[in-house]
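Open the model in your viewer and keep the selection panel at hand. Each stop below names something to select and then says what is there.

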Amino acid sequence: KSQETRLESAAERLATLLGIEGEIKRIESFDISNIQGTDSVAGMVVYDSGRLDKKQYRLFNIKSVEGADDFRSIAEAVERRYHRLIAEDRPLPDLILIDGGRGQLNAARAALKKLDAPSVPIAGLAKREEEIYLPDAEEPLRLERRDPALQLLQQIRDETHRFAIT
């Protein structure tokens, strides 16, 4: 229970930092993996109400992209995921997290725009410097390494990466 409470508290802080009204209950996170530039897949992990929900994880075989192209692969996975949710009139997440920086974030945003999807907060988390990229911010958000909001994003991102490479 304490782990769940800690994650929920981190999600509250994250909502405040990102300017999201209301609670962040559900985060869907995407990462791309491939084998030496072939057989690309996108992994999607779901954080729901204070825990990672493995039953909701999904893998997307990337069909329309030749070679290793993270941007187009992210766009395909995001478009397929949210096209389906919208078509089935299912709820969208409170936040979409993309493993990557500005380029991956913009590719995901373009896919959502193409769907004419309702507005969903979206962010990218770049590995090396642990910078948080936001759509309308010129500079990435840099948090202290011990910040619970950053640690929550890192945990979700790392789980997405682990899931995608398996």
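The tour goes through a predicted model, with stops at strands, salt bridges and pockets.

**Stop 1: strand β6**

Select residues 122-126, which make up β6. Are the residues of this strand buried or exposed? Five of the five residues in β6 are buried, so the strand is mostly covered. Show the side chains and look along the strand. Ile122, Gly124 and Ala126 point one way, while Ala123 and Leu125 point the other way. Both sets are buried.

**Stop 2: the neighbours of β6**

Add β5, residues 95-99. β5 and β6 run parallel and are joined by four bridges. To find one of the paired positions, select Leu97: its bridge partner in β6 is Ala123.

Now add helix α3, residues 102-115. Together, β5, α3 and β6 make a right-handed β-α-β unit.

Next add β7, residues 131-133. Which way does β7 pair with β6, parallel or antiparallel? The pairing is antiparallel, over three bridges. Gly124 has Tyr133 as its bridge partner in β7. The two strands form a hairpin with four residues between them. Select Glu130 in the turn, where phi is positive, at about 55°.

**Stop 3: a salt bridge from β5 to the hairpin loop**

Select Asp99 and Lys127. Their side chains meet in a salt bridge, with 2.7 Å from N to O. Asp99 lies in strand β5 and Lys127 in the loop between β6 and β7, so the pair ties together parts that are 28 residues apart in sequence. Asp99 is buried, with a relative accessible area of 7%, whereas Lys127 is partly exposed at 39%.

**Stop 4: other salt bridges**

How many salt bridges does the structure hold? There are 16. Several residues can be selected as a group: Arg26, Glu28, Asp48 and Arg81 are joined into one network by salt bridges that share partners.

Then select Asp53 and Arg51. The closest N and O atoms of this salt bridge are 3.9 Å apart. The distance is within the 4 Å cut-off, so the pair counts as a salt bridge. Asp53 is buried, with a relative accessible area of 9%, and Arg51 is partly exposed at 41%.

Arg72 and Asp69 come next, with a salt bridge of 3.6 Å from N to O. Here Arg72 is partly exposed at 45% relative accessible area, and Asp69 is partly exposed at 22%.

**Stop 5: the largest pocket**

Select Arg109, Ser119, Val120, Ile122 and Pro135. Among the 16 residues that line the largest pocket, these lie nearest its centre. The pocket has a volume of about 380 Å³. Which element gives the largest share of the lining? Helix α3 does, with three residues. By class, the lining has eleven nonpolar residues, one polar residue and four charged residues. Ile122 was also part of Stop 1, where it was one of the buried residues of β6.

**Stop 6: the second largest pocket**

Select Arg58, Leu59, Phe60, Arg80, Arg81, Arg84 and Arg90, which line the second largest pocket. Two or more of the lining residues come from each of β4 (58-61) and α2 (70-87). The volume of this pocket is about 160 Å³. Its lining has two nonpolar residues, no polar residues and five charged residues. Arg81 links this stop to an earlier one, since Arg81 is also in the salt-bridge network with Arg26, Glu28 and Asp48.

Methods:
Residues numbered from 1 in each chain as written. Predicted model: local features only at pLDDT ≥ 70, side-chain atom pairs only at ≥ 80, totals over all residues. Heavy atoms only, no water. 1 Å grid on protein atoms, 1.4 Å probe; cavity = no way out; pocket = protein on both sides within 12 Å on 5 of 7 lines; lining within 4 Å. Points joined across faces, edges and corners; volume = space filled by probe spheres on them. Nonpolar A, V, L, I, M, F, W, Y, C, P; charged D, E, K, R; others polar. Buried < 20%, exposed > 50% of the residue type's maximum accessible area, 1.4 Å probe, protein only. Pairing = 2+ DSSP bridges. Right-handed = clockwise from strand over helix to strand, strands pointing away.
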